[in-house]
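Reader: Could you take me through a few of the labels used for this structure? I would like to see the criterion behind each one.
Author: Gladly; here it is.

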Amino acid sequence: MDHDPRWYENEDFWRELRPMFFNPERWASTVDQVDKIVELLDLQPGARILDLCCGPGRHSLEFARRGYFVTGIDRTAEYLDEARASADKEGLSIEFKQIDMRDFRDESAFDAALNIFTSFGYFDNPEDDRRVIENISASLRVHGKCVIDTIGKEVVARNFRQSDWHRDGDGTIIIEERSICEDWSRINNTWTIIRDGNQKEFEFTLRCYSAVELASLLTEGGFSNVNCYGGLSGNCYDHEASRLVVVGEK
């Protein structure tokens with residue numbers, strides 16, 4: 001079965017996978033991740049931050065708690081409703097907007113932009129990824145910084161498994177099947193979700209970037225001083241890296 005090129009527009013996908021994507025362990029890791037991002041980007045107090053693909057606001061909320069001015073962008077209405085409710089409950093002033101990341105651009109409005117938790121490479125056309133990078137660059141002030149956190153092609157190749165499964169804390173079973181296509185440029189995924197006796201299947205594809213490829217994309221999109229790391233802590237991107245984190249300065 002061919003993947004749906006617009007899988008990311010399927011609200012049912014994001015609804016069904018929300019317990020897995022944003023489980024208690026991931027929420028608990030937020031403070032440490034924001035600590036690392038602040039240090040990695042050398043964020044100054046009161047900086048304006050763009051959280052691109054913010055989901056239910058996991059990082060947006062934590063940055064706002066620390067006095068940063070945050071704009072969160074996502075296309076999933078349910079996630080944004082959850083984020084706004086959380087911000088209102090805490091009395092945090094965060095601007096959340098429902099926009100496709102290919103269409104968001106706010107000229108010279110931000111000191112930093114985040115695209116983390118594998119929220120890049122959704123689109124079939126690689127020019128769409130280039131457009132996202134160019135929009136981020138245009139939205140940053142001079143010397144503004146961008147960080148993209150994803151799974152690098154090198155890490156995928158090292159750890160590749162054609163299939164596996166796991167059981168979440170709520171008893172949900174997730175079966176993951178993967179195949180490499182287009183000469184290692186994309187990964188096709190089929191996830192089967194079994195919850196409360198019901199089964200749903202989702203197919204989606206992600207573009208897979210190596211460190212060199214993603215760094216080049218940022219450089220071509222208007223960034224200088226581009227560096228690659230193996231995690232948000234700024235460790236080397238080498239054979240032991242678990243993530244690909246690319247930082248560029250405008």
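Author: Helices and strands are DSSP runs, numbered from the N terminus: H or I over at least four residues for a helix, E over at least two for a strand. This is a predicted model, where local features need pLDDT of at least 70, side-chain atom pairs count only at pLDDT 80 or more, and totals for chains, interfaces and linings use all residues. Residues are numbered from 1 along each chain as its sequence is written, and side-chain values use heavy atoms, with hydrogens and water left out.

Reader: Where does Trp-184 lie?
Author: Its place is the loop between β7 (173-181) and β8 (186-195). Trp-184 is not a glycine, yet has a positive phi of about 70°. Most residues other than glycine have a negative phi.

Reader: Why is Trp-184 called partly exposed?
Author: Buried means under 20% relative accessible area and exposed over 50%, with partly exposed in between (1.4 Å probe, protein chains only). Trp-184 has 31%, so it is partly exposed.

Reader: And what makes Thr-118 buried?
Author: Its relative accessible area is 18%, therefore Thr-118 counts as buried. This residue sits in the loop between β4 (110-115) and α6 (126-139), and also has a positive phi, of about 55°.

Reader: How do you know that β1 and β2 pair?
Author: Two strands pair if DSSP finds at least two bridges between them. Five bridges join β1 (48-52) to β2 (69-74), and the two run parallel. In one of the bridges, Leu-50 has Thr-71 of β2 as its partner.
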